[in-house]
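Work through the exercises below with the sequence and the coordinates open. Each task is followed by a stepwise solution.

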Amino acid sequence: MCVVIAVGLSACDRFSVSSVAQLSQANECPPPLNANIYIPTAAPTPISSPSSPIITNTTETISPISKHEAFQYLDHQVRTWTDIESFNMDDASQARIIVTFLSPDLIRAVAMNAAVLENPAAPDIQNKTKMGLEQIASREKLIFLITVLSINTNNTAAMPHTFALPVTQLKLMSANNLDIAPVYFDQNLEQPVGLSQYNVGYLFYPLSVVQGQACVEVLNSKFDTNIILKTSFMNVDDAKSGAMTWTIEYKPLLNIGHSDPLMGTPATYDEAELFPISSPPAVSDTSDMFWREYAKFVWGRLTPE
């Protein structure tokens, strides 16, 4: 069975349905040592979430884990590595752009849930995690899942507005004063979105670029404490409208360890409903229900059918 992570290419190394555009890579250079954060190691990655992960490497012994515990971890990681920006196009419709950084911890969480779903009695978490990280690491890029959708906010008739994400203008900012455009992206992300429609795809940014005479990390593990994506405008009804910024906490400045907030908590999910889905939640709030459904959607996007 071909499983694990499907980003741009499926886990069987086939091209995804959406075509991928390649932009100029003139400033991209071979990643310095340890710049590829997805390479599986025996130690936690420097890019981990503020809470201790259930699984920090691919060699430790993993205790039995329930579907609830695995999904609780996924829910937490999706919230940690996601930022949502939205704006009202009129009194009844809202544009929403969801940016999720595919961090190593998030990849682990998806692999864990895939393993538990496949074999609840004896999930093969270590191998699934290693395979997932290796699939992502082989691309040598920082990868973001982008969901662009339009929502009817009050169930009344709305004007037929459309909006589109100017993908090539979506810059990754860094503490090194770098301003990086994506080098690859799913072309469907540029298409206009109408009411109750959505586009989903990936943005790929280089791990390292030339700065001066050196090859430097785009996101520096010592000094970048936030991931910032920014665009100077959105395209609304074929006209430019408003700048937007997405900010995701990269890592705490003092990583002195935190207790894991996920273990030992009471079950809050119906385990019969814990499975990947193919469509994003089309709701205007960010309730616990929204995050549960969005976590299931991320799971579905990162694993093949």
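**Exercise 1. Count the disulfides, taken as pairs of cysteine sulfur atoms within 2.5 Å, and place the cysteines.**

By this rule there is one disulfide. Cys29 and Cys215 form the disulfide, with sulfur atoms 1.9 Å apart. The link is right-handed, with 95 degrees about the S-S bond. Cys29 sits in the loop between strand S1 (20-22) and helix H1 (67-80), and Cys215 in strand S11 (residues 214-217), so the pair ties together parts 186 residues apart in sequence. Helices (H or I, at least four residues) and strands (E, at least two) are DSSP runs, numbered from the N terminus.

The model is predicted: local features need pLDDT of at least 70, side-chain atom pairs count only at pLDDT 80 or more, and totals for chains, interfaces and linings use all residues. Residues are numbered from 1 along each chain as its sequence is written, and side-chain values use heavy atoms, leaving out hydrogens and water.

**Exercise 2. Classify each cysteine as buried (under 20% relative accessible area), exposed (over 50%) or partly exposed (in between; 1.4 Å probe, protein chains only).**

Cys29 has a relative accessible area of 10%, so Cys29 is buried. Cys215 has 30%, so Cys215 is partly exposed.

**Exercise 3. Check the span of helix H4 (residues 288-302).**

The expected span is 1.5 Å times one less than the number of residues. For the 15 residues of H4 this gives 21 Å. The end C-alpha atoms are 21 Å apart, which agrees.
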